[in-house]
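Reader: I'm new to this one and would like to see how its labels are earned. Could you show it to me and then take my questions?

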Amino acid sequence: MKKICISNITMQEKLSTTSGTDHDAVVYPVIEYMSRTLSANDDLKILLLCKTDQDHRYLSNIEIFKTEFEHWCGDKCQTPEYKILDIPFAENVENHSNLIRRIAAECEPGSSIVCDITYGAKSLPIILFSVLAFATQHLKCTVEKVLYRQVYFRNGVPTNPELCDFSSLLHLTSLIYTLNCETPEKAQKMLDTLLSI
């Protein structure tokens, strides 16, 4: 199966790991998830989204991602195809549009997609939701997971890690956009009905 993993590369200088299976630790939680779901038949493309910070921290953090992937998943599937998408540091409409266009161009029709939104700018989840909505509606892709690692910081150390899946929010948003109601009152009732399911 064709699978696409989309993950943002952090610009942090001191990276925090959290415990995973086998008492190991990961910086990028999507890797722990993939270690449980990849199979030898999977054809994997990994899109790494990288804000180009002036200190070039993202370059060493790309290598951390690759090292973690090899450690956790190297024996689980074929060698992945890596695509590095450099993102200008500035947040503006032009950069957002270009990023949507570039990610969508990498989404091959019929692929299964998993995203990790743990790291990155505030705009990233919105950008990825736009791409995923396009890919599911027009490219016949499926969204396997939209992952986010939630932690509680105690004395500066991440504790109680929980891997959250936000894919249901993507599906709910897609349904909301298809609503066709004659009045605001009917729209509100329809929304309440959707949220009750």
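Author: Sure. Let's start with a term: buried means under 20% relative accessible area, exposed means over 50%, and partly exposed is in between (1.4 Å probe, protein chains only). This is a predicted model, where local features need pLDDT of at least 70, side-chain atom pairs count only at pLDDT 80 or more, and totals for chains, interfaces and linings use all residues. Residues are numbered from 1 along each chain as its sequence is written, and side-chain values use heavy atoms, with hydrogens and water left out.

Reader: Why is E106 called buried?

Author: Its relative accessible area is 13%, and the cut-off is under 20%, so E106 counts as buried.

Reader: What makes K83 and E106 a salt bridge?

Author: A salt bridge needs a side-chain nitrogen of Lys or Arg within 4 Å of a carboxyl oxygen of Asp or Glu. For K83 and E106 the closest N and O atoms are 3.3 Å apart, so the pair fits the definition. K83 is partly exposed at 27%.

Reader: Which residues share a salt-bridge network with these two?

Author: K2, D43, K45, E81 and E108 are linked with K83 and E106 in that network. In one of its pairs, E108 and K45, the closest N and O atoms are 3.0 Å apart.

Reader: How do you know that C5 is in no disulfide?

Author: A disulfide is a pair of cysteine sulfur atoms within 2.5 Å. The nearest cysteine sulfur to C5, that of C115, is 7.8 Å away, so the pair doesn't meet the definition. A search of the whole structure finds zero disulfides.
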